[in-house]
Structures are given as structure tokens and as C-alpha cells.
Amino acid sequence: MGVLMEVREVSKRFGGGVFGGRHVVGLDGVSFTVDEEHPSITTVVGESGSGKTTFARLMLGVTSPTSGEVLYRGTDIARLSKAQRKRFRRDVQVVFQDPYDVYNPFYKVDHVLKTTVARFGLARSGDASDELIEEALTAIGLRPESTLGRYPHQLSGGQRQRIMVARALLVRPALIVADEPVSMVDASMRASILRTLRRLKTDFGISVVYITHDLTTAYQVGDQMIVLYKGMVAEAGNVDSVVHDPKHPYTQLLLRSVPLPDPDAGWSGDTKPTRPRRAPGGESCAFVDRCGFAMDVCVERMPPLYRTEPHRTAACFRYEGAPVMARGELRDVLTARAEAEGG
Amino acid sequence: MARSAIAPVEMWPRQIIRATVHFVRYCRRNPALAVGLVILLFLAGLGLVGRLIVNVDDSAPASVTPNLAPSLTHPFGTDGQGRDLFAALVIGLPLTLQVGFVAGAIGLGVGAVVGFVSGYVGGVLDAIVRVAVDSLLTVPALLILVTIASSIKGFISVNVIALVIASLAWMGPARTIRAQVLTLRGRGYVDIARFSGVGTVGVICRELLPNLLGYLASSFVAAVSTAVLASVGLSALGLGPQNVPTVEMMLYWAIFYGALASGAWWWWVFPGGLVLLLFLGLYFVTSGLDEVANPRRRLGT
Amino acid sequence: GVASGAQDREDTLIVSVSDTINQLSDVGVVNPFLLGTYRTGWQFAFEPLFFYNPWWTAKVTGPAWLPGKDGVIPYLATGFRYNADYTEIEIDLRPGVSWSDGKPFTARDVAFTLEMLKASAPQLNFSFDMNLWIKRVDVVSELRARIFLNRPNPRFMMSYLLWRQDVGIPMVPEHIFKGKPATTFTNFDIDKGWPVVTGPWKLVNSTSEQKVWERRDDWWGAKTGFHRLPAPKRVVVLPLYSTDKLTQLLASNKLDATHNIPPANAKTALRKNPDLIVRARDQSKPWGWLDWWTNQLGFNCSRPPFDDPDIRMAINYALDREEIIRVGFDGDSTAALLPLPSYPSLRKFRDLARPTLESKGISTTAHLEKTNQIMESKGYRKDPKGLWAVNGKRFPIVIMCQPGFFESYLPIMVAQLRRAGFDAGYKALSTAGSMVDRGEIDAFMDGNQGAAVSDPYGELETLHGRYSAPAGKVATYPNRWKNPEYDHLVEEMGSLPPEDPRFVSAYEKAIANVVAEAPVIPLVDNYLIMPVSTKYWHGWPDESNPYCAPSLWHRTAGLVINSLEPAPRP
Amino acid sequence: MRELRAYYDTPAGTAKAVDGVTLTVDPGERFGLVGESGSGKSTIAMAAMRLLRPPARIEGGQVWVGDVDMMGASEDEVRRLRLAKVALVAQGSINALNPVARVRAQLLDGARDHGVRFNRREADSFVADLLEQVGLHAEVANSFPHQLSGGMKQRVCIAIAVCLRPEVIIADEPTSALDVVVQRQVMESLRAVQASLGAAVLLIGHDIGLMAQVVHRLGVMYAGRLVEVCGIREACREPLHPYTRLLVGSVPNLTTKEDFGGIPGLPPSLVIDQPGCPFRERCPEAMERCATEAPVLRTVRPGRQVACHLY
Amino acid sequence: MSVAYILRRIGQFLIVVWVASTVNFFLPRLGPGDPVRNRLLNAQVTGGVQSEGVSEIVQAYNRQFGLDKPLVEQYLIYLWNLVHFDFGFSIASYPTRASTLIFAAIPWTLGLLLVATLVAFFIGTLLGSLAAWPRSPQWVRHLSVPVMGLSAVPYYLIGLALIYLLAVLVPVFPSSGGYSLGATPSFTLGFAVDVLSHSFMPAAAIVASSVGFWALSMRGMMITTVGEEFVNLADAKGLKANRVFVRYALRNALLPQVTHLALSIGHIVSGSIIVEVVFGYPGVGVLLFNAITGEDYFVIYGVVFIVVLAIALSTLIVDLLYPLLDPRIAYGRT
Ligand SMILES: Nc1ncnc2c1ncn2[C@@H]1O[C@H](COP(=O)(O)OP(=O)(O)OP(=O)(O)O)[C@@H](O)[C@H]1O
Ligand SMILES: Nc1ncnc2c1ncn2[C@@H]1O[C@H](COP(=O)(O)OP(=O)(O)OP(=O)(O)O)[C@@H](O)[C@H]1O
Ligand SMILES: [Mg+2]
Ligand SMILES: [Mg+2]
Ligand code: NI
């Protein structure tokens, strides 16, 4: 079968604790699969605070889920044996969101690269290691001679992000989880990095989970897309179909709001939040208070995921006719897509 | 950079010169550190060079005529017990420093280990450490000193004092280092290191520790100065290292013998001045090291 | 109001005498028998049956207004008599004495006080002793009491009822103490006029900063013509302060008298304040008043190597008492070679020990050659650091002492011992006392505890072998020295009055043992240097008439205060 | 803004972050300033407000607001000009609010320090009006900054900036940290307020897409210098300077997947003074002349200025 | 604020108080520990009161004080007594109760150290913030350097120097004590002046040596705060310099200072030993000193318990109050 990573209905709540108290929902019942044999690029989009980073951290085992499980080759990642864990680290690599935090300020930036090379035994000799590192840096548009030997604070945010990408590349893992890897890079540079990501998939068969709030780049590099809203999947499916034919009102709003470099293609539609119509205490659609199409049912109940097409799903009552997915089926929507493409 | 391990021998002097030049240049940017180091070196030098120019046996009681004002033969005068004060200070200053350094090192060392373990491991251990530290902070130093001094057989030596002070000095560092580790533990680079295959010990030693080195260094100097301060305090209560003329014991004797009232100013002005100088030196080094500890101010190349 | 002491300073006597520094700690306790009672200026309000003056001479016994004989100064009593075998004592009281509440002072009060102590043994001060010695006390008449002893004791009166220095049982009023819980009754209630005393003072203020006593003009003494009213209208008792502060206060006449201060401070004070006087009019040394508390280096004689008399002697020879006096006391002391203070009353006994001292070659200076000879004969050699060692092992001499007093010369002593090759050092620790008592300590500094002023027995008794106990077990006296011959001699002395020739010959042999085996090494006499101010008060004790004992914290302070005269006012 | 120069003194040398920039923004106009990260955009904003702190210093030039030169005025004059005439919505506005003061206080104190006197009621309505102008509810006034979302904070900042009806609003990347929806809301607020005030707006950012939606004219910065100034439409359709061209070219879109270009190489150091055009190393059309002679900003067509030897 | 958090925090407080009390119960017991004997020996050395029967007396009093019971039983009794705020008799001042001694001493200590700490805090904080404020006059910054240097000097030394200068050389202030010799404590102006003049030097020593500490930490905080965006932006709002200084910079930088202040107030009693001993001040510090040197267990227990309470309470209060001072901090987040 070759399922590399499987995320099963994970939820994550913050706060609360033994004595109760208010908690924040970071992620709510999301499932997802990465297939080893069919590399794909999955983009996760959503507004700030929608749970994208939480999703990434759960997948990586950096945070543990409140409910649900994350499996690596069939084993819960919280229970990996030492050997399995080692393998996991090689297989799954990461680019964290905040490039200011991921460098040890004590060391020059070389440290993080050299450590990676050394720990995974990627190179036989020092020279080979240097070569490898330089190669990776060039690949993401950095000049090794003006990057290496510097302290992290001497580099711009964009440069730091790119070195992190380079680090992930070095390992040649099976999966890279990249949390907003290019948010601080200007447009020109952003383009070249994303190109690299795309090449990774095609040339090396590396799967990528690309997390961003920038829909244009998500569209450009992704195969499939998950749109998160307040920790829940609002819509998911093939990138092209999602972008060109958004089903969920939130996705539609997102797409409408993307500023295009064309003064004549103006923003359209209304963005003003409508007055909240949320029923007090009741479970309602998370988006109901901003939704232009909100119906009574949206206030009363939470919409399930409707499978509008074989490889599309959206959580909105406007598609009430479509079959309701069991929450776990989300991975089928996406996996199926990957299989279809790969096979 | 050349990867060759050791530079040829003839290169050494040049490297040393270069390092010195570097250091001197650095000190120009960090005058506090320079001033502090100069003061400390001067004090250390006084202990070393002093031995050459004065008969250290005169530091024992009843060695010279008591109660002499400073003169050419006794540059710092003599005290009421017949010690040559210069000789006594030459002997005593290194001992005072010893108290500071031993207590500082032990206190900070224990504190750092406790802080690191408690902060990084967390959980129950951390809770225990926290309660223990909070509780022990309330114990009066005097009580510990009296307890320890009564329990050991020998004299209250410099090392006993250092031990007593250290037994109280580790809690502060443990607390602050724990807090530092807690913030560092959540840092992205710790996660990154893990994803680069580095284990727990590796993370502590190679990722966390180096970042705290500057902090530890400045804490160390601060710990030394706190230790000397504590030793001054204990000595003021008559519980110093009683058989050796540490600088703070000289002060104690000055008080004991009423030097303030009797006008034997040299008896307390010189030790007082040296303690003052020592504290100023430590203070300057601390504030200088604070600059070093802040990696943003540290300049590469 | 504003400082009341300052207001009428001229009528006020201000003294700083206490056992505790900076604060008086027994502010709510005026029961002299309680554990928490300190020497904080209550004693002059109580009056003794008799005083005893160890400085008595043929010419003077006490202050001029108070006749006495052979050192005994009758006060509330007029006389006492032992029976022939020293088992009964009859005491005659002075007529006309009354308590501060007007009730007469009678033999019933004496009997009550002693019986109360006996009955509450051992918790009250003196109670153990009273229980040990007293069979009963009879009230023969209003003014006559008779004490029946369990065993003969020719020293009973001297030990308990003749006030001298810190020794002496005060009498308390039966009508106040009766029916009160003896071990917790504080005898303190200013509103009720407590403490009820016979002395001319009334307590008006008692805080940790001060006690203020006001003169009681209805004092029996003035009424009966015994003595005029004391000159001061008020006595303010302050805590003890650091010597520095005492020096300053003396120098500025803020205090009239204090606790003793070290020679260097005395020098400073005298230099700064011409109103101050010391014992001798011409300020010749010693400035201090001899105390009974001879300073000595003691050993735990049950632990090696200090169980070896030769080693102890070797240490003795290493000590240079003259240097200790010169440097440590600024010349203001005298060397002691015997555990007996240099009171005139003890001269006879000191002289009896001289031959032994001479034959042993013990003098006030060091004899290092003797030390070396002994140490070498014991197999010790000096190591590279110049310290005695056998097989490379030194033996340390950790001299333990209470913090404070001894530290003024202990470092010098330690330096002498180190010069002589002993690995000596000292440790001043507040817990020294109980550690020494449990025999955990090898060497210690102390003053002698026998309180000998007229008779060496008490002192020699403390070295008796029955006080010896294995280390770890508490012993009443710390030397743990065993010498059967000596023990026998001391026992013999105990049953005899000091005048008895058998006593003298037993003493002669006993002291020879002490000198030869050195279970303690006497070092210096203790002198109490107490400059006093003549700014407001004259008539202080001096060389020619010490009254009884000039220290104001001693039981005898009342004699001094009652004798003071106002300074002539301009 | 004339010949503005602002330098940073760094241990490695002096960084010429803004090196002779001249530009004019007319009343009612929204002028956009784009450029690579680190090209000196924020420095211009801060310099214009005369807010640069050491190690930065203003080396020369003038900034005229109406008929007052910010550089020449006294410290107190400048203080009074700020907010009243020129207002700043700073980069990282998320951190621009005092964390321990309520929004209301922060809205009012600026006005108070410019001599406006309120009684309680007036103050309430002043605050409510302002918040409404930027599309916020009046209750927001009683919140602490940390209780607001990023977009709300941004809008509070805009409200502060416009509270005294300034003639010039400088907005430095007011939305770069926000997601598109909020970004759009903030921008619309800004646009609305500006329109009602008729103020001049200098909008700084590096997102050409956003600029396209908001501004009238665009200035492109590279390495501390303006390389192109033109109408937004021209900039998007027909960029002249090679850098602008590459920049616009690398903006991805949502319609077709393409192989985006990007600009190879790195921006030059601002410290090392090199002759010639700063972009030449990365420029696909570099000529020999570019290596020796620095191009100056010249008007090449009506309303279009470019600094390139090609024109 | 959540009740659960408060409860948890109070629970932690109780645990710390319990553990600290336990440590402080056993610590004095590790020494040679024979307080009654020690007291009697002192009396004997100084008074020759007793010649016989010391052991019997010691036994009797040990029974009275419960010191003959097994240690564990004593410990339980001790805990029970603590709960009732009863520390038992003072051994050294029997039959005075330990609490009597302690409550007599506390006002002095609080009076001196509280005032001195607050004064030092205000001066230091102001100086530190001015030193970091870019627009404060040059001389302020010059002044702050020696003041901070002063923080390196132990107050013992400063105390000595002050005593020498102001009490010995030019005797304007009394060298020690709480009030004039022989003065009667009362609520009058004269007495108040007297008390103040006595507290001047110890207070000056404390202030001089701790002002630098406050200045230093305030300067550090202030430098960070001044570098914050919102302070820059306050300038951009054209605010008056005073307002920016007070409302924006100072107000924010002050928060950690206030925490520190609360904590150091908690440490007042424990920190007072040396000052009080040096200046002969009649406070808790001296009481504790005497109790420790005299092995007066019950007074030690009483004083230390108050120290424990003060410190634990001050941290508790800081924890509970801080979120009120700093709106950013929510309960239970850290
Ligand atoms: N450690 C945490 N403690 C409490 N709440 C948290 C924590 N981490 C995240 N959250 C909350 O969980 C929700 C999801 O956060 P997350 O970081 O996953 O969002 P995001 O989509 O990555 O946002 P952004 O685009 O800003 O990075 C947010 O409401 C956030 O406040
Ligand atoms: N404090 C400083 N010290 C030294 N150099 C600085 C400092 N602040 C900024 N710089 C440099 O000045 C240049 C211009 O910075 P500025 O902040 O104006 O750029 P920007 O165009 O606003 O960039 P961004 O788009 O990232 O906000 C940069 O190269 C930067 O490295
Ligand atoms: Mg995120
Ligand atoms: Mg910027
Ligand atoms: Ni709450």
C-alpha cells in the first residue's frame, strides 16, 4: 500500500485542562493521508488562526493531538520505537513558519545545515558535505559564499526561510511539511523557491504539504488543496477545481479577495462581516456570521462535509443534496485524487 | 577556513597576537568589560606580586607592633592584633576571591544542572524542584552556617564558608536558568535540531547550552559577587573564616576592635577599599558580559 | 514625651548593662529565678541579706556608710552563724525593712523564698542546689530564720546568700509569690506595682530598648536612717551595645557606666572624654577590675592526644602569656598560671602553688625548648610546614569558644601555637557551649566556673573525676580529667572550711596535680575595664575603695548606685 | 520629498538605505512604493516623519509637507506637524499600539496633545466616529490591543492616523501580515477614509497585486533608489525598468499555471559603494555602460520616470 | 480569571509554606541543639548562677518545652502550632512567648526596611528610566553611572562609611539604635523625629546600595521598551514628550519592576539581619540573629515562619495581581 503518513480525525484543543475553563479549538477532526508511492503537493490554506500551523505540528509529532491519531507507516507517532523514530525523522522533514525562531543564534547558519548532514550521514567527507550544502543553497537561490559563515541575525527573513528550505532539501525526505515557507520572501524570490518545490516532487518524488495563506502560490504549486476555517475543513479537493470553481462561500470570499496585479480586475463582492447570527450556545456553521448565503439551518446545525464531486468536498448546506461524508472519508477524497493522478 | 587541526608552531605567537589585538579591539567597544577585567587583574596581581615584596608571615597576629599608622615599613599600617595589614591583605585577597569563586562556581554549577534538568525534563520533577527552590529560599543563611559549622569538626575555613554560601546560592540560578530553558525549549531551533536527528543530550549540550553560555558567564560573575557579598555579611556577624585574614575578616576585626571610633582609619579603609574595588570590578565585568551574552550585540568576524 | 532621660539628665543615671546586644530580652520577666532572666538591671532593686567584697582589706570592707568585716557586708540581715558541724545556719534580719508595697520584710519571706526554691527543683535557678542542701527553713522569729542543711556545708552562705559578682539568691515577698505558679510567674506588672522589692526603685517602663526605674522615696532605708535616699532620681538601663557604640556613648557622656569594654576602646573613650575615669585615679594599669573569671584553655582530657598530660604541658610551654597581654589586652591584664583569680583573699593559696610552678618551669613567657623536647620525645617531628606531625600526620588543635570576648586574643594565642609547631586554629560558635559539654570538642576557651573569691575549693571541685564522662555524654564540667589522688584530696577539702590546716595541706597537694598535669591551662586574669563618667555623678568605686564589686550588671550594683553623689553643678 | 538621503551607521560601514530619493504625492492621490525587502521603503517613511533614530541618520534632503520642510523645522514644530499634517501607519502596526492602554485612550491622547479639548461626551463621539470610519464597532474603544485581531489593530492604527484629518498619510505595509480577506477590508477602510479627507497617501508595500487595487501611481525602489515612477496601469501593463518588469512578471496569478520567473541573484550591499547601476548584476539587459555609470531617474515619457540606461 | 487557577495557585502557596516550614523545623535540629543547656551555660558563664544540677534542669525544661519527645511528634506539634499561629515559649526568655518578642520587633523592621525599600525603588526606577530615555538631559545619564556603580557596594561597607562620617567624624546622626537612649516611645512629634533620625543612616545605607539595582533593571527594561514599535509610533502621533515617557515607555517598563518590588518586600524580614546587626536596630533581624546563635528554636520557628509567609504571600500576590496590572497576561497561560 505504502501509506507514509496518515492523519486520522485529529483534533487539538488548547487551554482548558483538568479544572475545565475555556479552550481554543486549534483543529477539529481533520483527516489526511500521504502516500509514499504517489508523491503529491497538498496545499493547506486558510486565514490566520485557522489551524494551519497546528495541523503541521500535529503531523510532525511536535504537538500531540487531543483526539484522533497520527500514524507513520501505520504506527502512532507518539509510540514510535527508537529505530522507527530515526527513520521518521529522515522521511519527514519540516520548514517551520517563523524563520526568526528556528536558528540557534549562537551558531552561524552553517550549523543547522552541517548538523543535518552529519546526523543523517549524508556525506562521507567534509568536502562532500560542503558540496552538498552549497548545492542545496544554490537550488533555492542563495549564494553560498554570502550566506554561509554568517549569523542568522545577519540575514533577512527571506534568506532565513530559504535556508530552512535548503535544509529540508538536503535530507531528501519522502515528505516535507512546509509551513508558510515563503511568507517573507518577495515575489520574485518566492517564485523561484516554489519552482524548486515543484521540482522536488517531479524529480525526487518528494511529497510536500505546503501551508500558506497565499492562494495564488497555492494554486501555482499544489495538486490538491485543503481550505481550513476555524480549525475545520471548509473545502478540499483538486487545486484547479477548487480555485476555478469554489464551492464553499469562504473559499469564494478568499478567492475574491486576492489582489491581482491588474488595476482593472478590481475586488468584487462584499466583505463586510454581516451581523453575527449565531444561535446562542448552539452548534452552528463556523462561517455563518460572515456568510452571504447563510440560511436558518446554518445557524441551527453544523454542516457536514458533502462530497460534491468524487474528488471534491465542501462543508456547506448549499450542497445538502450531495452525499455526506463520514468525517474520516476526507482522506479518500484526497488519496483518490493522488492515486488517480499517479496511477 | 582551513580545516587543518593545529596551526604550525611558528604561527602561534602571531595567532596569540592576533587574538590579543582582537580582544583589545573588542574591549574598546565594551569598556565596562575592559575596566572590570583590569580591576580584577590588578587585585589578582596584588595577591601575587604582593607576596614578593612583603613578608607574608607578618600577616599572622602578633608579628609586628600593633596599631601603627601607615608608614614606609607598613604601607597599610598594622592592626590591633599585630598584623601587618598589607601582608594580611596580600594573603587575604586571594582567599576572598577563593570564597567568591568556589561558592560562585558550586552554586552556579548546581543551579545550572538543576535548572537545566528541571526546565527541560519538566513534569513532576520540575514541580518538585520549584517547590524545593521556593522553600529553600526562605531559609536564613545564618541558620545554615551555624548548622554546618557546628557539624564539621575542623575550623571554619574559607572552603566551609564557600560551601555554606554555595548551599544557598544555587536556588537563584536554578530558578532563572530554568526559566531560560523553558523559553528556549519551545524554540524552533530545538525542534529543528530534533528533526535533524539530534538526541536529548545533544539538544541540551549543543543547542541550549551554548545559548546560555554568555548568560552563564555573566551569572557566574554575578554569583561570585553575590558570594563575596554573602561572605562579607557572614563575616560581619562574626562567622567568617576565622583563622585567615580574608579581606572581609579584616573588616570584621576592625569593627570588633572599634577601629571606627578609635580613629585607626587604615584598619578599615584599606580592606574596605579593596572590597569596594573587587565589587566594582565584578560589577563592570558583569555588565560587560551582559553585552557579550546578548548574541545580537556579539559581532562575528 | 521627648526623651525623658535627656530631659532631666542630671538626675538620671544611664547605664548600659545586659547580656543581650541591642535589645533587652527579658522585658516582661522580673522573677530572678526564671530561665529567661538575664542580667539586665533588676538586681539593684532587690537587696541581699549580705554582700561579700573579695577586695576587702584590713582598712576597707565596703562603702564608707556601710560597716562590714572581713569582706562580709550585712544588708537586709545583720549577721549569721553556723553551728559547729556546719549543718545549721541562723540568720538575723535588720529591723525596719519593708517591701515596696509597705509590707514588712521578715524571716517568713526568707523561709518562703528558700522553701519555694527547694519545692520547685530543678526548674528555678538555684532550686536544684537548695533542694540538695536544705532540709528545711524555720522562722524562729520575725527577724530570725534558721536553715537546716542536709549535709555539712561550711560554704553555704558564701555560695548562695552572700552577694558577690553574679552570685547570690535574692529574697522575694511571700505575699506576692505565694500561690503563684513558681515556674512561670513573671513578677511583672507595672500597673500593680510589681515587682515588689525592698530596694529604693520602682519599675516604670520596660521595653526591649530600655528599662526605667524611678526612685522610690518611701524606701525603708531612708526612713530608718540606714542610708540617705540614692542620689539619682531615675535609673535607665539600656541593652548592651557593640563596643564601638558603647565607646562613642561614653565619649559623649550619653552613658554614665557600661559593660566592660576592650582596652583599645577604653583608650579611645578616655582620650575623647576627660570626664571619664577608670579604676585608678592616675589611670595606671590595669584599668580594669579583677574578675573571678580567670581565662583558661581547657581540654577534653578523655580524648587522645589531649589525654596525655605531656602533650598538654607541651602546649602550655608554647604559650606566651606576656605577649597575649601586651598585644591582645593592650597591656591591661595579668598573667594567670593557676585557675585562681588574683584576689587578695586568695593570695595565700596562690603562694602555696608557687614551688610546683617553679619546679615545672612554668612562667608567664613561652618555653619553646621544653615544648620541642616533649614533642620530640613523643615521636613528633616538624613537617615541611613547620608543624608537629608523626608519620606525616598532624594533630589539629581546634579551639572552640563562644563568639565575642575570646576572639580579642585568641588569634594571638593561635599564632603562638602555630609558631611552636601546633596545627592550631579556633572556632567561635554560639553553640560552642553545648558542644563542649557533650565532649565533642578537644580544646576550648573558657573562664573558670568555680567562682572562687575566698576559697579555692569551688574551683578545684570542677576538675573532680566524677564529672568525667565518655564523649557524647553530657558532663557538668567539661574537662573530663581523671586523677584518683586528686579526687580524694578535693573530697577532703569539701568538708573543711578554708581556714582549716588540713584543708590547706590537701589543697597544696591537689594544686600540684593540676599544675603538673595541666587539665586546664590558665592564661590571664579577667579584668573588667569600665570607664565611668563623672559628668553627672561622682563617688564611683575606685582603687582605694572598690565597695564590693564595681560592675553595674553584678548583683552588687546597688551598693554603687546608693553611694553615688551628684556632680557639683555649675 | 527632495533628494532624501538616510544612512545607517553599521559596524561594517555606512549603509545607504535611502540614497537620494525625490518624489511628490499630490493631495487626494494614492502613491504606492514597492521594492524588494530591504530596499529602503520603511526608511523613507520614517525619514519623512523625522523619526529615524540612531544608528540611522538623515544625511540630506528635504521633506515638504505643504509649505513646511520637516527637516528644517524645530523639534517642537515637527511634533505638532506629526499626526496633524502627516500621519503614519507604520510597518508592523500589530505592535504599534501601547499594550497596556485601552484603544480609547490611544485614540484620544494624540488629539489632546495637539491642543484639542474634549469633554467626556465629545470624546466619546470623537472615538466612535473614528472607529466607525474604519469599520469598527464603537465598543472596540474599550478593548486592550491584545484583545483585537490583527486586522482590527490595523484599522485602529488607521483611525489614529486620520483622527486629525492630516494632509498626508504614510502607510507602511499596513497589511503584509494579514490574510487576503482582512487585507482587503483594511485597504478598503483606508481608501474610504482617504477619499473622505482628500489626503495624499503614500502606501508602502511589496505586493504589486495589492498596489494594483489601491494606488494611482507607483514608485519602484531598488537598493535605496527609485528606479521607476509611473501610473499603476502602465506599471502593470508595460513596465519599463528591467527590475520592474521582472518583478511584475514574477507575480503569480490564479488563472493559469505557469513557470514563474523570479529574479536570479541577490540585491547588492548597501554598504559598499559601487559605481554603476545597482541592478546590473541581475539585469538581463545589462550593458557595459551600466557597470560604470549610475543611471539617474529621468522622465522618459509623460508621467513616467525611469532610471535605466536603456531609455 | 479562573477560580481553578486561583485555587491551584493557593494550593501551591500552601505546599511551599508547608515544605519551607518543614525544612526550617529540621534545620536547627541538625546542629548540636541543646538550647536549654546552652542558655544555662550562658547564664553560668556570665552569672555563675548554677553550680549543680544543670542536667536535671535541662531535663525538666526539655520536658516543659516538649523537646524530649520524639522528633516526629515534635514536628507534628510544631505544624499544629503553626496553624494556630502559636510558636510557643521563647527558650531564652522563658516564660516570654516567642510571638510577644516577634510582634514587638516587627514594626521596627517594617518601618525601616519598607520605607527604605520603597524610597530606593522610586529613586532607582526614576533614575533608571531617565538613564534609558534618549531625550533626558546629559547630566542625568552621567549621574546614573555612579549610582549604578554604588549597587555593587555591599551596604555593610556603605553603612560603615556612613557611621564613620556622620556619627564619628561629624556626629549628626546617632550611630545605632531605634531611638534615643532613655526616650519613651510615644506618638509625639519629638519621638517621631527621634526615630526618624535614628533610622536615617541604616535607611541611607540600604537606599544607597539598592538604588543602583533598581536603576539598573529599570534601565534594561526601559531600553527594550523604548525600542518597541509603539513608543516610536507614539512619537509619530506627535505626542508630547512627557506623555510618551510616562504613558508609553514608563508604564510598560514598570511592570516587571513592580513584580520585583513585591518580591523584595517579601524578602524584607529575611534580608534585614545584617543591617540591623550593623546598626543595632531593634528589629526582627536582630531577634533572629540572637535566636539562631542562642538556639532559641521557638523564636527561630516564629520568625522564619513569618519570613516564609511573607515571601510566599508576596509571590502569590504577584501572581494573582500581575494579570490585573498587565492586561496582556491571562491567568493560567504560563
Ligand atoms: N500553544 C497554543 N496555545 C493556545 N492556543 C493556541 C496555541 N497554538 C495555537 N493556538 C490557537 O489555535 C488556533 C490555530 O492556530 P494556528 O497557529 O494553527 O493557526 P494558523 O492557521 O497557522 O495561523 P497563521 O496563519 O497566523 O499562522 C488559533 O486560534 C491559535 O490562537
Ligand atoms: N538599525 C539598522 N541598522 C543597520 N541597517 C539597517 C537598520 N535598519 C534597517 N537597516 C537597513 O536599511 C535598509 C533599508 O531598510 P528598510 O527597513 O527601509 O527596508 P524596507 O524596504 O522597508 O524593507 P521591508 O520590505 O523588508 O520592510 C535595509 O538594507 C536594512 O538592512
Ligand atoms: Mg501558522
Ligand atoms: Mg519596511
Ligand atoms: Ni477570570
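This report walks through a ligand site, some helices and a few unusual backbone spots. Keep in mind that the model is predicted.

**Around ligand 1**

Let's start in chain A. The shell around ligand 1 has 13 residues, and the closest are A:Ser48, A:Gly49, A:Lys52, A:Thr53 and A:Thr54. If you sort the shell by character, you get eight polar residues, three charged and two nonpolar. Where do they come from? Strand β2 (23-35) and helix α1 (52-60) of chain A each provide at least two of them. The biggest giver is α1(A), with three residues.

Now zoom in on single atoms. A polar atom in the side chain of A:Thr53 sits 2.5 Å from an oxygen atom of ligand 1. With A:Gly51, the backbone does the job: one of its polar backbone atoms is 3.0 Å from an oxygen atom of the ligand. A:Glu180 joins in as well, with a side-chain N or O atom 3.4 Å from an oxygen atom of ligand 1. Taken on its own, ligand 1 has 640 Å² of accessible area, and the protein covers 65% of that.

**Helices of chain E**

Next, have a look at chain E. Helix α5 (residues 98-132) has 35 residues and spans 48 Å from first C-alpha to last, close to the expected 51 Å. Follow α5(E) along and you'll meet a kink of about 30° at E:Ala105, shortly before the proline E:Pro107.

Helix α3 (residues 54-65) of chain E has 12 residues, and its 16 Å reach is close to the 16 Å expected. Its buried residues include E:Val54, E:Ile57, E:Tyr61 and E:Phe65. Just past the end of α3(E), E:Gly66 has a positive phi of about 75°.

How many of the 10 residues in helix α12 (residues 284-293) of chain E are buried? The count is nine, so this helix is mostly covered. Among the buried ones are E:Val284, E:Leu288, E:Phe289 and E:Thr293. After α12(E) comes E:Glu295, with a positive phi near 50°.

One more stop in this chain is E:Tyr297, which belongs to helix α13 (residues 297-325). Is E:Tyr297 buried or exposed? Buried means under 20% relative accessible area. E:Tyr297 has a relative accessibility of 4%, so it counts as buried. Its C-alpha is 20 Å from that of E:Ile274, a residue 23 positions away along the chain.

**Unusual backbone spots**

Two residues that aren't glycines have a positive phi, and both sit in loops. Here they are side by side:

| Residue | Phi | Loop | Relative accessibility |
|---|---|---|---|
| B:Asn67 | about 60° | between α2 (31-53) and α3 (85-121) of chain B | 36% |
| D:Arg165 | near 50° | between α5 (150-162) and β8 (168-172) of chain D | 54% |

Why do the two get separate labels? Exposed means over 50%, and partly exposed covers the range between 20% and 50%. At 36%, B:Asn67 therefore counts as partly exposed. D:Arg165, at 54%, is exposed.

Finally, chain C has some cis peptide bonds to look at. The bond from C:Trp194 to C:Pro195 is cis, with omega near 0°, and C:Pro195 is in the loop between α5 (174-177) and β9 (201-206). Another cis bond links C:Pro304 to C:Pro305, again with omega near 0°. You'll find C:Pro305 in the loop between β14 (289-299) and α9 (309-318) of chain C.

Methods
Residues numbered from 1 in each chain as written. Chains lettered and ligands numbered in written order. Predicted model: local features only at pLDDT ≥ 70, side-chain atom pairs only at ≥ 80, totals over all residues. Heavy atoms only, no water. Helix = DSSP H or I, 4+ residues; strand = E, 2+ residues; numbered from the N terminus. Expected span 1.5 Å × (residues − 1). Bend = angle between axes of the 7 residues up to and from the residue. Near = heavy atom within 4 Å. Polar contact = N/O pair within 3.5 Å; in protein donor to acceptor, adjacent residues only side chain to side chain. Areas by Shrake-Rupley, 256 points an atom, 1.4 Å probe, with all protein chains shown as cover. Nonpolar A, V, L, I, M, F, W, Y, C, P; charged D, E, K, R; others polar. Buried < 20%, exposed > 50% of the residue type's maximum accessible area, 1.4 Å probe, protein only.
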